[in-house]
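Reader: I would like to learn how to read a protein model step by step. Could you take me through one, beginning with its overall plan and ending with its interior?

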Amino acid sequence: MNQQLTHHQIQWKEQRFPLIVACDNWKDPLNVGAAFRLADAFGVAELWLGGTTPAPPNKRIHKTARSADKWIPFRVIPDLGAFLSSLERDTYLIAGVEITTESRLLQHAFTQNGDMSKTVVLVAGAENEGLSVSVINTLHTCVHIPMYGHNSSLNVATALAVTLYEVTNRLHSL
């Protein structure tokens, strides 16, 4: 008979990818906590909390993160756009998660030679406003998740989960 395993019965191999998640002016600490938990689950190397994004210590972040905020490295970056524009183009691939005039479907993104040879920085924007103009101007590429219903967007943490699943599958297969 098939039985659910407990937390202590599961044996995962911990792995970190050359992958960073940047949160651009997020508002809700619960979404930030979810980002920490997703970063842990998908082997993200670091979380960048940009602009007005809430940061630890924060009880709501900690509870939603299920303590991942204690072991996932993070940094607070007051001016995320300026910081991203200072990154070396040869080292980082800055990818926005946003629907724009030039965004590509997520499943068709990261297919160019060399895309995955750099550290990928996935930048997700604020819950209602999306990515700030200063961040959009730094992007090397932009991806969006296909939507088949009436809404044109997902909750930012949900969109991050879908995107991380796709990107880490690509990184894992390299």
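Author: What follows moves from the order of the elements to the overall form and then to the core, and please keep in mind that this is a predicted model.

Reader: How many helices and strands does the protein chain have, and in what order do the elements run?

Author: The protein chain holds five helices and seven strands, and, read from the N terminus on, its elements run β-α-β-α-β-α-β-β-β-α-β-α.

Reader: How does the radius of gyration of the protein chain agree with that of a compact globule?

Author: One sets the value of the chain beside the value expected for its length: a compact globule of 174 residues would have a radius of gyration near 16 Å, and because the protein chain has 16 Å, the two agree. Along the principal axes, the C-alpha trace spans about 50 × 40 × 35 Å, and buried residues, meaning those under 20% relative accessible area, make up 44% of the 174 residues.

Reader: Which residues have the most contacts inside the largest nonpolar core?

Author: That core has 36 residues, and those with the most contacts inside it are L19, W26, F36, L47, F110, L122 and L164. Several elements each supply at least two of its residues, including β1 (17-24), α1 (29-41) and α5 (156-172), and the largest share, six residues, comes from α5.

Reader: Which residues is L164 in contact with, leaving aside its neighbours within four places in sequence?

Author: With those neighbours set aside, L164 is in contact with L19, V21, L38, F42, V44 and L122. Apart from the largest core lies another, of 14 residues, among them I77, I94, V121 and V123.

Terms used
Residues are numbered from 1 along each chain as its sequence is written. This is a predicted model: local features need pLDDT of at least 70, side-chain atom pairs count only at pLDDT 80 or more; totals for chains, interfaces and linings use all residues. Side-chain values use heavy atoms; hydrogens and water are left out. A nonpolar core is a set of buried Ala, Val, Leu, Ile, Met, Phe, Trp, Tyr and Cys residues joined through side-chain atoms within 4.5 Å. Buried means under 20% relative accessible area, exposed over 50%, partly exposed in between (1.4 Å probe, protein chains only). Helices (H or I, at least four residues) and strands (E, at least two) are DSSP runs, numbered from the N terminus. Contact means heavy atoms within 4.5 Å. The radius of gyration is taken over C-alpha atoms; the globule rule is 2.2 Å times the number of residues to the power 0.38.
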